[in-house]
Every structure is written in C-alpha cells, then in structure tokens.
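Here are a few exercises to work through with the model open beside you. Try each task before you read its solution.

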Amino acid sequence: MVIQESMSLQRKLEILSDAAKYDVACTSSGVDRKGNSSGMGNSLACGICHTFSADGRCISLLKILFTNECIFDCKYCINRSSNDVVRASFTPQEVSELTMEFYRRNYIEGLFLSSGILVSPNHTMELILETVRLLREVHQFNGYIHCKAIPGADPVLVEMLGWYTDRMSVNLELPTAESLKELAPHKNRKNILKPIRQIQLGRQNHREYIGLTDHQMLPKQIASNKPDKQDLEMNEVLSMSSGIVPYTKKPKIKRSFVPAGLSTQMIIGATKETDYQIMSVAEALYDNFDLKRVFYSAFMNVNQDNRLPSTEAGPPLLREHRLYQADWLLRFYGFQTMELLDEQHPNFNVLLDPKCDWALRHLEMFPVEINKADYYTLLRVPGIGTNSAQRIIMARKSAVLDFQDLKRMGIVLKRAVYFITCNGKMMYPINIEENFITRQLVALKDQIPLGIDKDITYQQLSLFDDVNFKIPYSGTSMVANI
Amino acid sequence: MHTKRIYLCDNSIDGIFTAIYIAWSSRLGHSNIKIEEKSEGSNYSNLELFSDYVPVDTDYDLSMKVSESIRKKISEEAFEMVCRVALSDYVGKADLIYRFLILGFAMGNQILQHLSNITVNTVFKINRNVNFEVHHLLGFIRFSEQANGLLTSVIHPKNNVLSLVTPHFVDRLPQEGFIICDGNRKLASIHVPGSQWIIAEVPELNLEMGRDISFMEDEYQDLWKAFFDHIAIQERVNPKLQRNNLPLRFRGDMTEFQ
C-alpha cells in the first residue's frame, strides 16, 4: 500500500468524500442549540439542507471519511482491504479547519465523520476523538457533529466521543447476523449492538441526571412492545445491565450526551432478507434501542464482486423508497410492522405505497368521517399526512368542513377521496370496493416517485388477480458460493 | 352608484398598517374601501373606475397602534403571520391583511383555526410560502470572505426576507462581521460583532464587491466545489429531483453552481 505523504488537501477531500458518499445518515436534525458569543455555530432541530447534489440528495454536513485505509474486508465496501484504490488520510487539524472554514461560509451545517479502520478500531476512534476535541475546544465550534462509533472500539472512547457529538451512529450494515457473517467477516452483530446499547444507556442516564423526562415519539406509546423478537443476539445485548459504562469523566465543556440521538443504516438488496425481516429489525431498534433514525441504503455493487447481486438495472431505489415510507408509518403514524407485512406478504407492493396497500386490505374501516374522526384515524387515510391531519383537526373547530374546504386547505384528495366522507357524504358516489379503488390508485402517477422508476418494467396485466407482485430483485439477489 | 375609496400605501409593514388605521377610522364601511400597496410594476396603469384614490403617508405612530391591537386583540402568532404576509411579494397583500384583520378583530385568537375561510387560508398559504423561502435561504446563502475578513453574500429572494433571515446568522456567527445584500431590493443587512445588526438601503449596491476576496477564499471555494462534485453518486444522478429540491432561481448566487 502506497501512502502519498505529499497529497494536496483538495485531492484528499476528493478521495475521502468519494469514499463517504454511500453513507446515508446525513441529516443535521434533532437538536436545537442557540449560538454562544465566544464561539461559532448553532443548530436547529428541524435541520437545514445547504445544497443538493446531482443525485438529488440533500447535503447538510461535510460528509467525509477520516481515512479510507481499512484493515477490514467487507465484500460490499469500496474501501475493503483487498481493493486496489488510492488511499488517503486526513489529519485531525485538516478536518477541523476544513469544517470551520466551510461552516463560516455557510456551506454546511456541521461535520459528519466516518472512517475506515486504520491500524485498529481504537486507533481510529482516537483520531476521530482528537478531531472532534479540536473542533469543540480549540475552535469553539458549536454546530452539529455526527460521528461513527467504530464497532470493537473501547467503550471508554465511545463514551468520550458521546460527550462531544450531537449524533452518533453505529452501522448495522446488514439486516441479519447471518448476512453480516457472509459479507462482513471481520464484523459481528454483537460488537455492533454493544455500542448502540451503551449509547442508549448513556443518553438515559444523562436525561435522568439533568432531570428530563423521556420524550419518546408517538409510535412507542401506541405500539405495544412485542416480546417475540427473533433476533437472539439483539436480546442478549438488550439484557446487558447499565454497568457497561465504565468511565464517566466528561469533557470540560457543558454539553449533553449525544443529544440528537443514535442512528444506524442497513444496506438493502445485497442479501436475501425480505422487507418484513428488515422492517422487523428496524421496529425492534426503535422500540428497544431508542434509535432516532434507521436509514436504508439501496445496494450498489461498487466492487463488481461475484458474491454480490448484480445491479445492472440500477440500485433497488424503489425498494429503498418503500422502506422509508413504511419507516415513516412506524415513527409518526402509529403503525406496526405486523400490520403492514407478514410471512405470507413479506414484501411491499411495487405499485402502491404501504399505506394505500394497508387501507385496501382494511376497507371495512372506511370511509372515515372528516368532521369526527380522531387524529390517528385520520392519519390512517391514504393521502392524509401529519400536517393535513393537524390542519383538519384545527379547522373543524370553527366550521363544518366540506370537500371544497379540504381542497382549499391544501389537502390532496386524489388518494383520500376513496376513503373519506364530509358530513356523511362522499365526494362522488363511490363504491367502496377493492378492485375499483385499486385500479384508481394504481393509475395515479405519483405512486412511483421522481426518477426511481428505472428498475420497474410496466406490463399490461390484469392487476386484480394478484395484488402482491413479485419484487423483481428478490430472485436475483441470492448470495452464492462464498 | 357607490364610489369606492382606494387607499394607496407604501409597500412596507408600516405603510400597510398606516393605511389600515386610516381606512378603519374613515367609517365608510369595509365594503367601500380597498387598500392597495404601491408596487413598482403596476405604475397606476390599472386604475379602477368610480374610485377615489387616496395616497397614504406612512405614519409610524399609527402603524404601532395597529401592531399593538393585533397583538392584544388577536395574538402574537397572528401578528407574526401578518408581518410575514406584508413582507411577501403577493400582489394585493395590503387588502388581504385588511380583510384578515376585520375577521380577526371580530373573532379574536380563534381566527387562525378558521382555515376553511378563504381569507384566512390565503394568509396561511402566503405565510407558509415566505417561511419556506426563509428556510431555503438559511441553507442556500453563501458567504465569501473579503481581504479585510468581512463575509459578504448576495441573494435575490422573491419575498422581502432579509429581516427574517439575518437573525439566524447573527446567532450563528456572533464574532463575524457580515453583510447580506438583497440584490432585488437594494437592501442590505449588516452585522458588526458586538453591536446590533441593521438593515440599510443601498441604492448604489455594488454587486461586484465580491471580487476583492481574501487570499484563501478561492481555495476554499474550489475545495467546496470539489466536495460537491464528488459527493454525488453517479448511478443515482437525478437532475429532476435535484431541481425539485433546489430550484434554479437560487443557483445564481450559490458558489457550487458558478
């Protein structure tokens, strides 16, 4: 391996942003912090997008790897040790100065620092810690920082990093332990789950310490915890006591422990898991590990490795999209995975979004009366989101709403119209009948969002014999002969 | 035949509020009154028949009285919404605000719930539109560093949002001197560390002021462009989605698109 000592900062930035681009957890949300007069920076809980790259994804953070040198050999990763790619490493000084200067010019909302494993997990974590310490203590940076916890690193380092950062993420990489074993031989599930648990407990301890009650999100209150999590390793890690945090010496600056929470990401479509399995894992993470976000990343075979599925048709973006839609239903709409999918229907419908799909299977609950239904019932109507539901509840306090009012209030009726009444009347005389409504909904153009329809082949077929179409990639994604 | 009276006011919050005060106290009846804000585009070419045009001189005391009664009799939130509407580029906003306040003074703080009412709904939508532009600009504004260390930025917003955008940067960059120029309106907000920020009219706005940049500025602009180009995933390139999220009208002022 040749390491070029004299590489320019620009070249390093090119290499290490290239290497980081597949990471998805690039949001700047979750924490509100005013500026302070001695330093630079603040954060907004809603997050701010600073620009959008050519692929249409939001750029809010300086997303880079600290180094793309790596002792691990994960099959799906461009930086795996067996790949012959140009390697580069930043120094903590370079990263902190770059962050400050970009931030000053309002290019970014903060730093997202991930890394390959240089020498050892501990060595890498120390370099990351030093970078973040420089930013917070020397540059007095008060903006957003998101770091990766490296699996296998000492809990003391994870703890220290937690006091400096806003969000941490620990990547699950693949949905199940078996897939991980096959594709990422140097990683193991328990090593990944341990820091997740540690950070969760650290956050709880800190909240108790400063006397904050736990403001959990809605779905957790609605969804009852299911005891039958099939993932043994998950359960084992969950049962670990809070004694795991051995070292609690905080840095001098006054800040909270990982205030914007934990996130993780999974690669979708590299291995043979069904949507049902993936969503169950995500649900377990939300319910039991206090995760803020689970990100799903459509697999791309950057290594052209024959142990991985081919992605000639492009990455499975529609599948990724459906998973995000369902994830939203879990977090904000009070749905549970079991309602959306089961063993018999393990994958999401290609043609309909998960909520439409669910509603069509539960027509007995419709139509819903707009002037009477409670918030969570409104949320179950296809086409009505959290904003619309809140607006309806607000507006009907001062008037009885009809369809004209809904339109004026910006509520999109093209889906909802089949599922609601105003004053006991539907907008058109509609027969609430599955085939009819399905046909109408499938005809709507926006079911398949902007630019991710490359991998779908439309066919003329009699749709209503079988609404659960085969997902095209499930057949090709078998992982063969490792 | 009734003669309508049309009050013509300055295109500013104070101008609109002054006209509202005068219109209200004229006791002509709300349906006989209209308030129009002066706009550069219209140039009196669309005079209505059978109407008296009455120009209104902005009076800060009268304007303050209107502000206070909105806050007291309706709500602080309604006041903020009305201000944002007054800063918008919506033609006819002065009369809209007038109609909104007629309802508001009758209904009190419940007015904001009355979304099925056309006037309330329009106020709500314009307000949201202004908020969206403000939020966009919080991310899309680009500063460049001048040789003397001053940070400068030029924007061309649809709505008059300087006063809504600047406090965010004052909080964020307390130790930096910066100027944000609204190239469409010849206005600039100016922040000097350790003192209050102000908005000033700059009729001789020199859009070339970004030229005297500091020694390191070019380098950081290049670094930013390099990052911007390399962070995109080629297999997922999607200009439509990019344009949806980042409308073209912002790009002229953004470093990475220059």
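**Exercise 1.** Which residues does B:Thr166 touch, not counting residues up to four places away in sequence?

*Solution.* Keep in mind that this is a predicted model. Start by finding the residue: B:Thr166 sits in helix H6 of chain B, which covers residues 162–172. Next, leave out the residues up to four places away in sequence; the partners of B:Thr166 are then B:Phe178, B:Ile180, B:Ser189 and B:Trp197.

**Exercise 2.** Decide whether B:Thr166 is buried or exposed.

*Solution.* The relative accessible area of B:Thr166 is 0%. Buried means under 20%, so B:Thr166 counts as buried.

**Exercise 3.** Describe the contact between chain A and chain B, beginning with its extent.

*Solution.* First, the residues: chain A brings 63 to the contact and chain B brings 57. Then the area: the two chains bury about 5500 Å² between them, with 57% of it on carbon and sulfur atoms.

Now turn to the polar side. Between chain A and chain B, 29 residue pairs are in polar contact. Six salt bridges cross the interface. A:Arg104 and B:Glu145 form a salt bridge, with their closest N and O atoms 2.8 Å apart.

Finally, look at which elements of chain A take part. Among those giving two or more residues to the side that touches chain B are helix H2 (92–104), helix H10 (317–332) and helix H1 (9–18). H1(A) gives the most, with six residues. By class, this side of chain A has 29 nonpolar, 17 polar and 17 charged residues.

How values were computed. Residues are numbered from 1 along each chain as its sequence is written. Chains are lettered from A and ligands numbered from 1 in the order in which they are written. This is a predicted model: local features need pLDDT of at least 70, side-chain atom pairs count only at pLDDT 80 or more; totals for chains, interfaces and linings use all residues. Side-chain values use heavy atoms; hydrogens and water are left out. Helices (H or I, at least four residues) and strands (E, at least two) are DSSP runs, numbered from the N terminus. Buried means under 20% relative accessible area, exposed over 50%, partly exposed in between (1.4 Å probe, protein chains only). Contact means heavy atoms within 4.5 Å. Buried area is the accessible area (1.4 Å probe) that two parts lose on being put together, summed over both. A salt bridge is a side-chain nitrogen of Lys or Arg within 4 Å of a carboxyl oxygen of Asp or Glu. A polar contact is a pair of N or O atoms within 3.5 Å; within protein, one must be able to donate a hydrogen and the other to accept it, and residues adjacent in sequence count only if both atoms are side-chain atoms. Ala, Val, Leu, Ile, Met, Phe, Trp, Tyr, Cys and Pro count as nonpolar, Asp, Glu, Lys and Arg as charged, and the others, Gly among them, as polar.
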